[in-house]
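Student: Could we go through this structure together, one question at a time, with the reasoning spelled out before each answer?

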Amino acid sequence: MPLSPALSTSAPAWFKERATNAWSQFQTLPLPSVRDENWRYSNAKSIPLESLANADVPDSDVVKVAVAASVELEKWSARLVFVNDCLAASESSQLPAGVICVPFSQALEQHSDAMREHFMQRQMQLGSEKFAALHLAMLKAGTVVIVPRGITVPAPIEVFHWVSGENAAIFPHTLVIAEDNAAVTVVDHYRSCTSEAGFSCAVADLIGKPGSHVTYIACQEMSEEAQAMHLSSTVAGKDAQMKSFQLQLGANWSRSESVSDLVGKGARSDMLSVSLPLGDQIVDQRTLQNHKAPNATSDLLYKNALYDSSRTVFSGLITVDEGAHYTDAYQTCRNLLNSDTAEANSLPGLEINADQVKCSHGSTSGPVSEEELFYLKARGIPDNEARRLIVLGFADDVIQRIGNDAIEQMIHARVEEKFARLG
Amino acid sequence: MSLKIENLQARIGEREILKGLTIEIKPGEVHAIMGPNGSGKSTLSKVLCGHEDYEVTGGSATLDGEDLLSLSIDQRSRAGLFLAFQYPHEIPGVTNANFLRAALKARKPDGEDVDAIAFYRQMYARMDQLEMDRSFTGRNVNEGFSGGEKKRNEILQLMMLEPKYAILDETDSGLDIDALKIVSRGVNAMRSAERGFLVITHYQRLLNYIQPDIVHVLMDGRIVKTGDRSLALKLEEKGYDWVKDEALPAAA
């Protein structure tokens with residue numbers, strides 16, 4: 001059975017209408033061509049749309065195993081587990097009063113007005129209109145977080161999305177709204193129950209109102225037969241501080257599109273990513289730092305440590321609108337090439353239409369520095385261990401910027417575990 | 001028992017830098033090598049540690065009888081050789097504590113780990129001696145360190161690894177007088193009858209604080225003069241030209 005939307009009868013009319021329109025949009029829009037600038041060095045045909053199927057309602061054994069494996073952070077304010085877009089577990093007793101953290105379907109029913117205002121309101125800008133339409137049409141699971149003004153959610157909200165079944169597709173959604181001066185951290189995990197092929201087409205929208213702090217972490221550890229897509233956007237209001245981190249470890253082909261809109265004066269957005277592709281994994285990364293207000297800062301650091309015949313594509317653009325004076329915008333992509341057959345493509349870009357702007361972009365690709373290796377070996381550390389320290393350090397250099405010890409340790413451990421598979 | 005370098009010759013690319021260098025450092029001794037820029041001082045330290053840019057074309061180097069030149073870089077360190085770098089490298093993302101633990105773990109039998117409590121206790125004690133703030137344990141190796149902090153960090157590593165023979169490559173460069181005193185105090189604390197030092201320096205100033213037993217002058221890839229501490233003072237006063245006049249015609 002090919003993919004087909006199965007609309008929930010309890011969803012509000014406005015949502016049903018949008019979902020229906022999205023389905024026809026998905027069917028009408030052509031698959032992006034490799035000649036499309038947003039798809040250079042990549043290929044949308046990597047997603048086997050024809051062979052994908054709606055994910056079945058998982059049987060109870062699968063659910064049990066997935067829920068038991070949904071353990072990463074020791075402390076969390078709320079935890080939700082989805083298997084094949086069905087809610088499998090949810091605990092939210094640690095949340096401060098007034099904070100909303102509910103499954104998507106519940107949010108549609110109970111918070112329809114807020115959803116109507118914020119749900120997928122932004123145009124896709126980095127090439128995946130077709131897949132965003134597919135996501136909207138198929139969407140039935142995910143997490144909606146609304147943090148009222150002035151409230152800090154102390155520990156992270158942690159969400160697991162599992163896919164089970166050959167060629168099953170899931171469409172996880174994340175919507176985070178932090179009202180004025182609110183603070184929240186949300187962690188999404190994307191995983192496969194087995195080593196089967198499958199597809200995750202996720203959308204995450206993060207809205208930071210004035211003075212809010214939002215940290216968002218996406219950990220993609222799907223099966224290496226799977227494909228993973230993650231389309232995220234961040235809106236940073238006046239003096240809001242947004243931080244997003246993408247960990248790309250799984251899937252044979254993954255693509256992330258991350259847009260940061262800096263819409264309020266003094267806003268800040270940090271965009272971070274780490275990947276460690278092995279074998280013939282492909283990691284495709286597209287970013288946009290959109291400065292629409294003055295005195296805002298965006299700082300992007302993406303690092304890829306490549307092995308074997310893996311390939312990465314980084315394409316990043318900074319745009320500074322007229323009037324966005326005193327912008328500080330930085331973009332850095334570093335690729336560590338640990339094999340002669342690995343390939344890192346970097347396409348950095350800048351469009352500046354304002355004055356008094358500090359912008360820089362740079363990308364580097366190369367093997368482990370001989371001088372760093374020499375320094376470690378000169379202290380008695382053997383070659384393989386020295387390389388391990390350097391590569392993990394290369395990743396930790398980004399991970400350390402998250403600013404939350406528990407999350408940093410969790411991500412470090414995931415990277416270390418994948419590194420151990422190198423043997 | 002000694003670090004024994006005999007008639008050592010080495011080149012980088014086509015350029016001969018060491019042209020037959022001989023020196024023997026016994027445990028308990030502190031030797032200083034002085035020499036003008038380009039004489040081969042830093043090359044000597046890197047060749048002894050096994051830097052791959054240099055090719056040894058002749059001579060020998062042994063550590064307590066073991067052939068150093070046949071060992072890999074990390075084996076030389078574990079055999080008991082230490083180099084305090086002139087320009088210590090930054091290692092992004094690797095904390096000082098993890099780095100030192102990895103270095104100590106490499107000295108343990110396979111699978112055996114470093115005792116964490118004893119490790120931190122010793123590291124803190126050594127850091128106190130070097131007047132290093134505890135925060136340096138969690139900072140990435142040399143990243144964002146000032147020149148003086150990097151040099152202290154080198155001496156911290158020396159103190160933690162307790163080598164048999166330590167080479168200090170221009171450890172005084174980039175240090176103000178206060179930092180120089182602290183670093184020297186750290187080195188002097190490590191002087192013992194079981195440990196030999198080779199202090200490479202451009203200036204005699206360092207030797208006021210780390211007093212050598214023997215002073216060598218390196219010129220054009222060879223030791224051209226050897227004496228006691230007074231030789232260093234004479235070099236400071238008169239420069240290197242007189243040694244050159246005295247030594248090179250004879251060596252030619």
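The exchange below takes up salt bridges in chain A and then helices and one residue of chain B.

Student: How many salt bridges are there over all chains?
Tutor: Bear in mind that this is a predicted model, in which side-chain atom pairs count only at pLDDT 80 or more. The rule asks for a side-chain nitrogen of Lys or Arg within 4 Å of a carboxyl oxygen of Asp or Glu. Counted by this rule over all chains, the number of salt bridges is 35.

Student: Which strands does the salt bridge between A:Arg191 and A:Glu221 link?
Tutor: The side chains of A:Arg191 and A:Glu221 meet with an N to O distance of 3.4 Å, and the two residues are 30 residues apart, in distant parts of the chain. A:Arg191 has a relative accessible area of 7% and is therefore buried, and A:Glu221, at 16%, is buried as well. The elements that the pair links in chain A are strand 9 (residues 183-192) and strand 11 (residues 213-221).

Student: Is A:Asp299, the salt-bridge partner of A:Arg268, buried or exposed?
Tutor: The closest N and O atoms of A:Arg268 and A:Asp299 are 3.9 Å apart. Because A:Arg268 lies in strand 15 (residues 268-275) of chain A and A:Asp299 in strand 17 (residues 297-306) of chain A, the pair ties together parts that are 31 residues apart in sequence. A:Arg268 has a relative accessible area of 26% and is partly exposed. Buried means under 20%, so A:Asp299, with a relative accessibility of 16%, counts as buried.

Student: Which residues does the network that includes A:Glu417 and A:Arg414 join?
Tutor: A:Glu417 and A:Arg414 form a salt bridge with an N to O distance of 3.4 Å, and both lie in helix 8 (residues 405-420) of chain A, 3 residues apart, which is about one turn of the helix. A:Glu417 is partly exposed, with a relative accessible area of 43%, whereas A:Arg414 is buried at 15%. Salt bridges that share partners make one network, and its members are A:Glu72, A:Arg191, A:Glu221, A:Arg414 and A:Glu417.

Student: In chain B, how many residues of the contact of helix 3 with helix 4 are charged?
Tutor: Helix 3 (residues 96-105) and helix 4 (residues 116-129) of chain B pack at an angle of about 115°, with their axes 12 Å apart, and the crossing is right-handed. Helix 3 of chain B contributes B:Ala97, B:Leu100, B:Arg101 and B:Leu104, while helix 4 of chain B contributes B:Ala116, B:Phe119, B:Tyr120 and B:Met123. These residues divide into 7 nonpolar and no polar, and the number that are charged is 1.

Student: Which residue just after helix 1 of chain B takes a positive phi?
Tutor: Helix 1 (residues 41-49) of chain B is mostly covered, with 7 of its 9 residues buried, among them B:Leu44, B:Val47 and B:Leu48. Just after helix 1 of chain B comes a residue with a positive phi of about 95°, and that residue is B:Gly50.

Student: Which residues does B:Val56 touch, not counting those up to four places away in sequence?
Tutor: B:Val56 is found in strand 4 (residues 55-63) of chain B, and its relative accessible area of 34% makes it partly exposed. With residues up to four places away left out, the residues that B:Val56 touches are B:Leu8, B:Gln9, B:Ala10, B:Val47 and B:Leu69.

How values were computed: Residues are numbered from 1 along each chain as its sequence is written. Chains are lettered from A and ligands numbered from 1 in the order in which they are written. This is a predicted model: local features need pLDDT of at least 70, side-chain atom pairs count only at pLDDT 80 or more; totals for chains, interfaces and linings use all residues. Side-chain values use heavy atoms; hydrogens and water are left out. Helices (H or I, at least four residues) and strands (E, at least two) are DSSP runs, numbered from the N terminus. Buried means under 20% relative accessible area, exposed over 50%, partly exposed in between (1.4 Å probe, protein chains only). Contact means heavy atoms within 4.5 Å. Axes are lines fitted to C-alpha atoms, for helices over the stretch in contact, and angles run from 0 to 180 degrees between N-to-C directions. A crossing is left-handed if the near helix is turned anticlockwise from the far one by less than a right angle, and right-handed if clockwise. Ala, Val, Leu, Ile, Met, Phe, Trp, Tyr, Cys and Pro count as nonpolar, Asp, Glu, Lys and Arg as charged, and the others, Gly among them, as polar.
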